[in-house]
Amino acid sequence: MSKPLLEIENLRVTFPTPRGDLDVVRGISFALGRERLGIVGESGSGKSMTGRSILKLIRAPGRVSADRLSFDGIDLRELSERRMRAIRGARISMVMQDPKFSLNPVMTIGEQIAEALLTHKRLPRREVSQRVLAMLESVRIADPERVAKLYPHEVSGGMGQRVMIAMMLIPEPDLLIADEPTSALDVSVQGQVLDIIDEQIRRKGMGLIFISHDLNLVSSYCDRILVMNTGEIVEECRAGELHNATHPYTRGLIASIPRLDENRDELPVLDRSAWAAK
Amino acid sequence: MTALSLKDLSISYGDTRITHGVNIDIAEGESFALVGESGSGKSTVLKAIAGLAPQWAGSISAFGKPRSHGIDGHFARACQMVFQDPYGSLHPRKTVDATLTEPLAIHGVGDRNARVETAMTSVGLDRKFRFRFPHQLSGGQRQRVAIARALVLQPKILLLDEPTSALDVSVQAEILNLLKRLRREQNLTFLMVTHNLPVVSFLCDRVAVMRHGRIVEIADVAALKKGELQDPYSRELIELSADHAD
């Protein structure tokens with residue numbers, strides 16, 4: 001593995017509740033090089049919170065603490081909000097789940113992508129529009145000039161997600177965090193969007209954290225997988241070896257997914273008592 | 001006997017024609033799947049059957065009795081729908097009890113207390129949930145309420161619109177098992193819309209592939225499991241699913 005881009009040790013995310021503090025991420029540690037890392041788990045497992053805490057996007061009253069949270073040698077824990085803003089987007093960026101809610105509805109697509117670029121760099125206007133069009137083309141939008149003038153509600157979900165990817169990649173970040181980038185999309189478009197992310201990651205030699213609840217999807221697009229349950233990493237393995245997973249939670253998750261050649265009369269359901277006792 | 005029959009069904013929204021001459025016959029007790037990408041018109045077919053898209057031509061009939069274009073109480077008794085997203089389909093300010101009683105009140109059915117209890121037991125919801133609000137339930141429990149709401153009128157046909165796509169995989173397994181058991185116990189007929197082919201393999205007997213408002217192929221699920229669908233578009237769908245599986 002190359003020199004780690006991101007190092008996390010003992011990361012905790014805590015929310016206060018009337019019954020005392022609740023840890024939604026409970027002391028997890030991992031390192032990421034320029035590779036594709038998948039984080040999988042059910043709703044409430046803390047996978048999205050992990051992604052957000054890297055960008056320090058956890059709002060009060062939530063709290064993030066870690067023994068180490070460093071990105072490319074920079075200690076993210078100590079950074080001021082102002083310096084953090086210089087990192088967000090430019091060095092680490094994040095693709096959100098649903099393009100319908102994450103794009104600005106009153107700005108054209110071209111303007112939004114240009115804004116992502118201009119926030120971090122001063123560039124002549126002509127170069128900006130050239131780069132926006134080139135970026136749209138590289139996410140396989142056939143007619144970039146026309147699409148750049150459209151508003152988000154005028155494009156389909158799959159195209160909206162490609163626009164978001166273009167916006168996140170145009171400042172050329174080193175690390176991309178994709179939080180369920182395809183779960184709002186159709187199966188037929190899903191593959192396309194993932195291929196685009198994959199192609200861009202490879203071409204620019206970036207790191208990727210791919211957060212999803214879909215084990216099969218993650219195992220086919222990542223190099224390494226972390227399985228999370230109730231705020232802890234229960235299993236870490238190479239993507240190809242997912243089927244040799246040992247933890248009962250991982251095995252339960254794999255077994256509960258129906259297959260195309262499904263012949264089981266009943267699907268096994270997760271027995272949560274099996275590992276809760278440990 | 002044919003439970004649900006669609007003949008030459010063409011549905012429009014305003015001036016836009018969504019489906020073009022859809023023909024489907026579903027036998028009693030059969031589980032039939034409708035698959036295709038977004039915009040193919042598969043959900044619109046369900047909506048027309050349920051009476052939510054009244055602008056249709058052709059015929060829709062259940063057990064030989066045709067459906068009228070307006071509100072059709074008899075049809076509704078025989079045919080109920082479960083919606084995709086249990087976070088959106090349950091009234092946030094109605095308790096489970098109120099949600100389950102409403103269809104009974106609308107259809108003037110007596111013995112409501114016992115029927116609500118039976119419906120809750122059959123979907124595996126504990127009695128303690130009866131006076132809770134949807135926000136006090138998990139996603140899986142809500143979908144159980146939505147299924148109980150459909151079953152409380154003791155219909156013969158259930159229309160399922162992506163019943164598990166808003167749920168986690170582990171919860172999806174629970175709901176799929178539940179649907180399979182209910183179908184066996186109550187001899188229900190299913191018409192399910194989904195884009196998840198493995199779910200079709202698990203739950204259905206036959207599958208129709210839709211594209212641009214037309215059915216391009218109807219096949220047995222056995223053929224789907226072997227990957228032996230004929231139409232090039234159907235094969236493409238199988239390939240996409242298979243890509244994710246390995």
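This is a dialogue between a learner and a teacher about reading a predicted model with chains A and B.

Me: Before I look at any detail, what pLDDT does chain B average, and what ipTM does the predictor give the complex?

Reply: It is sensible to begin with confidence, since where pLDDT is low, the predicted coordinates should not be read in detail. In this predicted model, chain B averages a pLDDT of 90, and 98% of its residues score at least 70. For the complex, the predictor gives an ipTM of 0.75 together with a pTM of 0.81.

Me: Which annotation does UniProt list for each chain, and which residues does it cover?

Reply: An annotation is taken from a record, and it can then be set beside what the coordinates show. The unreviewed UniProt entry for chain A gives "domain: ABC transporter" for residues 6-255, and for chain B an unreviewed entry lists "domain: ABC transporter" over residues 4-237. Over residues 6-255, chain A is 38% helix and 27% strand, with the end C-alpha atoms 32 Å apart. Over residues 4-237, chain B is 38% helix and 26% strand, and there the end C-alpha atoms are 26 Å apart.

Me: How many residues of chain B are in contact with chain A, and which elements of chain B give two or more residues to that side?

Reply: One way to read an interface is to count the residues, then ask which elements carry them, and finally look at their classes. Here 23 residues of chain B are in contact with 24 residues of chain A. On the chain B side, the elements that give two or more residues are helix H7 (169-186), helix H8 (197-203) and helix H10 (232-245) of chain B. Sorted by class, this side of chain B has ten nonpolar, seven polar and six charged residues.

Me: When two helices pack, as H4(A) and H7(A) do, at what angle do their axes cross, and which residues make the contact?

Reply: A helix pair can be described by its angle, its axis distance, its handedness and its residues, taken in turn. The axes of helix H4 (residues 109-118) of chain A and H7(A) come within 8 Å and cross at roughly 25 degrees. Angles under 35 degrees count as roughly parallel, and H4(A) is therefore roughly parallel to H7(A). Their crossing is right-handed. The residues that make the contact are A:Ile109, A:Gln112, A:Ile113 and A:Ala116 of H4(A), with A:Val163, A:Ala166 and A:Met167 of H7(A). By class, this contact has six nonpolar, one polar and no charged residues.

Me: How far apart are the axes of H7(A) and H8(A), and at what angle do these helices pack?

Reply: Helix H7 (residues 157-169) and helix H8 (residues 187-204) of chain A pack at an angle of about 10 degrees, with their axes 10 Å apart, and H7(A) and H8(A) are therefore roughly parallel to each other. The crossing of H7(A) and H8(A) is right-handed. Among the residues making the contact are A:Gln161, A:Arg162 and A:Ile165 of H7(A), along with A:Gln192 and A:Ile196 of H8(A). The contact of H7(A) with H8(A) has six nonpolar, four polar and one charged residues.

Me: Which residues of H4(B) meet which residues of H6(B)?

Reply: In chain B, the axes of H4(B) and helix H6 (residues 139-151) come within 8 Å and cross at roughly 25 degrees, and H4(B) is therefore roughly parallel to H6(B). Their crossing is right-handed. From H4(B), B:Val96, B:Thr99, B:Leu100 and B:Pro103 meet B:Val145, B:Ala148 and B:Arg149 of H6(B). The residues of this contact divide into five nonpolar, one polar and one charged.

Me: Finally, is the peptide bond from A:Ala60 to A:Pro61 cis or trans, and where is B:Asp111 found?

Reply: Backbone angles are read one residue or bond at a time. The peptide bond from A:Ala60 to A:Pro61 is cis, with omega near 10 degrees, and A:Pro61 is found in the loop between helix H1 (47-54) and strand S4 (63-65) of chain A. B:Asp111 lies in the loop between helix H4 (96-106) and helix H5 (112-122) of chain B, and its phi is near 55 degrees, a positive value in a residue other than glycine.

Terms used
Residues are numbered from 1 along each chain as its sequence is written. Chains are lettered from A and ligands numbered from 1 in the order in which they are written. This is a predicted model: local features need pLDDT of at least 70, side-chain atom pairs count only at pLDDT 80 or more; totals for chains, interfaces and linings use all residues. Two residues are in contact if their C-beta atoms, placed from the backbone, lie within 7 Å. Helices (H or I, at least four residues) and strands (E, at least two) are DSSP runs, numbered from the N terminus. Ala, Val, Leu, Ile, Met, Phe, Trp, Tyr, Cys and Pro count as nonpolar, Asp, Glu, Lys and Arg as charged, and the others, Gly among them, as polar. UniProt positions are given in the numbering used here, feature names are shortened, and annotations may be inferred rather than shown by experiment. Axes are lines fitted to C-alpha atoms, for helices over the stretch in contact, and angles run from 0 to 180 degrees between N-to-C directions. Angles under 35 degrees count as roughly parallel, over 145 as roughly antiparallel, 65 to 115 as roughly perpendicular and the rest as oblique. A crossing is left-handed if the near helix is turned anticlockwise from the far one by less than a right angle, and right-handed if clockwise. pLDDT is the predictor's confidence in each residue, from 0 to 100.
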